[in-house]
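Here are two short exercises to work through with the model open beside you. Try each task before reading its solution.

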Amino acid sequence: MSAVPDGKKLVRSPSGLRMVPENGAFNSPFSLDEPQWVPDKECPRCMQCDTKFDFITRKHHCRRCGRCFCDKCSSQKVTLPRMCFVDPVRQCAECSFISQKEVEFYDKQLKVLTAGGTFLVRVDSSEKSETMVCRLSNNHRYLFLDGESHFEVELSRISSMQVLTEGSTPGGGSLRASGMVLQYKPPGSQNLQQLHMDPADDKRIAFAWLAAMHKAAKLLYESRDQ
């Protein structure tokens, strides 16, 4: 399934142009659906500053949350990659702040994840570990693990993901990612399998990969809750 190319198509919505997979089944697990706009008749006033809308004060919808705002309270146009918009779109102040943080993830952390890191990988309770390169697929839907053997973990089949940390101090010193444990259901099975990953070889790259995966996990579970 992972070998099937993901064709894209350009679609127009009330919010703007979007470049989306031709088959919805191939959506990125980090993607969010466009929100339903609050109907005009239900928002006579700005939902931020309470200014009344009229012929002069026009209402605008935030492309991320779908609520109504005046121009002043929704003046920013910010890139919104999680909804696949081609161009920056109008957002309220709260949503634009969140979207700006996500842009950093798409610009930086995703590149780290697709480049990969080297880990000692153990499956379930096995004491035997294998040195494998783990990377996120270009469509963000799979973790590819390559060593003497090869297997794939579909992100949608991951039920839990725990990034282990080290470096804590009584005074509240900084933590860094030191490993990862995830549980998932292999294709054709309803039984959970556990994967343990510890940094190997170039640990600096592995630590950066784990830190990026920690941020990815937050977006992954957030998108599931939408």
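A salt bridge here is a side-chain nitrogen of Lys or Arg within 4 Å of a carboxyl oxygen of Asp or Glu. The model is predicted, so local features need pLDDT of at least 70 and side-chain atom pairs pLDDT 80 or more, while totals for chains, interfaces and linings use all residues. Residues are numbered from 1 along each chain as its sequence is written, and side-chain values use heavy atoms, leaving out hydrogens and water.

**Exercise 1.** Describe the interface of domain 1 and domain 2.

*Solution.*
- Start with the bounds, from an automatic or database domain assignment: domain 1 is 8-111, and domain 2 is 116-165 + 178-225.
- Next, take the C-alpha centres of the two domains, which 31 Å separate.
- Count the contact (heavy atoms within 4.5 Å): domain 1 gives 14 residues and domain 2 gives 12.
- Now look for salt bridges between domain 1 and domain 2: the count is zero.

**Exercise 2.** Find where the largest nonpolar core lies relative to the two domains.

*Solution.*
- A nonpolar core joins buried Ala, Val, Leu, Ile, Met, Phe, Trp, Tyr and Cys residues through side-chain atoms within 4.5 Å; buried means under 20% relative accessible area (1.4 Å probe, protein chains only).
- The largest core has 32 residues, and F30, L113, L143, M180, L182 and W209 touch the most other members.
- Nine of its residues, the largest share, come from α2, a helix being a DSSP run (H or I, at least four residues) numbered from the N terminus.
- Both domains contribute residues, so this core lies between them.

Notes: Buried < 20%, exposed > 50% of the residue type's maximum accessible area, 1.4 Å probe, protein only. Helix = DSSP H or I, 4+ residues; strand = E, 2+ residues; numbered from the N terminus. Buried area = accessible area lost by both parts, 1.4 Å probe.
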